[in-house]
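This report describes the fold of one protein chain for a reader new to structures. Please keep the sequence and the model in view while reading.

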Amino acid sequence: MSQYPDLTPRQAWERLESDPAAVLVDVRTQAEWSFVGLPDITSLGKQVVAIEWTTFPEGAPNPRFLEQLRAALPSEDAPVLFLCRSGARSAAATATAAAAGYAGATNISEGFEGDLDEHGHRATNGWKQAGLPWRQG
């Protein structure tokens, strides 16, 4: 667990559902959004904010991350929930956002695809395994 709050994917869904101000920011890459899928929160009347934490295919840090976050979420008071594949990039994004003044920055542990199992597959936990809505490409 990081020094910032963590929520499971199910808890994140409940927060998004119960708090009209809560925002979901997916920090994976464009390739992951296109080929792996995206959370679908349209039933909550919301859209996912997609901002790469690292660029694809370089894997370099996105130098415009905070600029893009501020453009998408000008209010630093909104609860902002960060999601990546397994919770590592989103933990870094959470820490960066919190340091920049986003008091409600929260990491979604387990991420979209979850942790690796004993066979090296991501199939044990995460947004998709929790049965939460998502869409392909």
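## Order of elements

From the N terminus on, the elements of the protein chain run β-α-β-α-β-β-α-β-α-β-β. That gives 4 helices and 7 strands. Helices (H or I, at least four residues) and strands (E, at least two) are DSSP runs, numbered from the N terminus.

This is a predicted model, in which local features need pLDDT of at least 70 and side-chain atom pairs count only at pLDDT 80 or more, while totals for chains, interfaces and linings use all residues. Residues are numbered from 1 along each chain as its sequence is written, and side-chain values use heavy atoms, with hydrogens and water left out.

## Overall shape and surface

The radius of gyration of the protein chain is 14 Å, close to the 14 Å that the globule rule gives for 137 residues, so the chain is as compact as a globular protein of that length. This radius is taken over C-alpha atoms, and the rule is 2.2 Å times the number of residues to the power 0.38. Along the principal axes, the C-alpha atoms fill a box of roughly 40 × 35 × 30 Å.

Of the 137 residues, 45% count as buried (under 20% relative accessible area, with exposed over 50% and partly exposed in between; 1.4 Å probe, protein chains only). Among contacts (heavy atoms within 4.5 Å) between residues at least 6 apart in sequence, 64% join residues at least 24 apart.

## The sheet

An open sheet of 5 strands has the order β1-β6-β5-β2-β4, with parallel pairing. β1 and β4 stand at the edges, each with a single partner strand, so one side of each is left without a neighbour in the sheet. Two strands pair if DSSP finds at least two bridges between them. Strands of a sheet pair through backbone hydrogen bonds, either parallel or antiparallel.

Strand β1 (residues 6–7) is joined to β6 by 2 bridges, and Asp-6 stands opposite Asn-107 there. On β5 (residues 80–83), 3 bridges lead to β6, and Phe-82 has Asn-107 as its bridge partner in β6. Strand β2 (residues 23–26) pairs with β5 over 4 bridges, where the bridge partner of Val-25 is Phe-82.

## The two faces of β6

In a regular strand the side chains alternate between the two faces of the sheet. Which residues of β6 are buried on each side? Ala-105 and Asn-107 are buried on one side, and Thr-106 and Ile-108 are buried on the other, so both faces of β6 are covered.

## Loops and single residues

The peptide bond from Phe-56 to Pro-57 is cis, with omega near 10°. Pro-57 lies in the loop between β4 (49–50) and α3 (65–72). Helix α3 holds Glu-67, which counts as partly exposed at 48% relative accessibility. Glu-67 and Trp-13 are 54 residues apart in sequence and 26 Å apart in space, C-alpha to C-alpha.

Where does Glu-110 lie? Glu-110 is in the loop between β6 (105–108) and β7 (134–135). Phi of Glu-110 is near 80°, a positive value in a residue other than glycine. Glu-110 counts as partly exposed because its relative accessibility is 22%.
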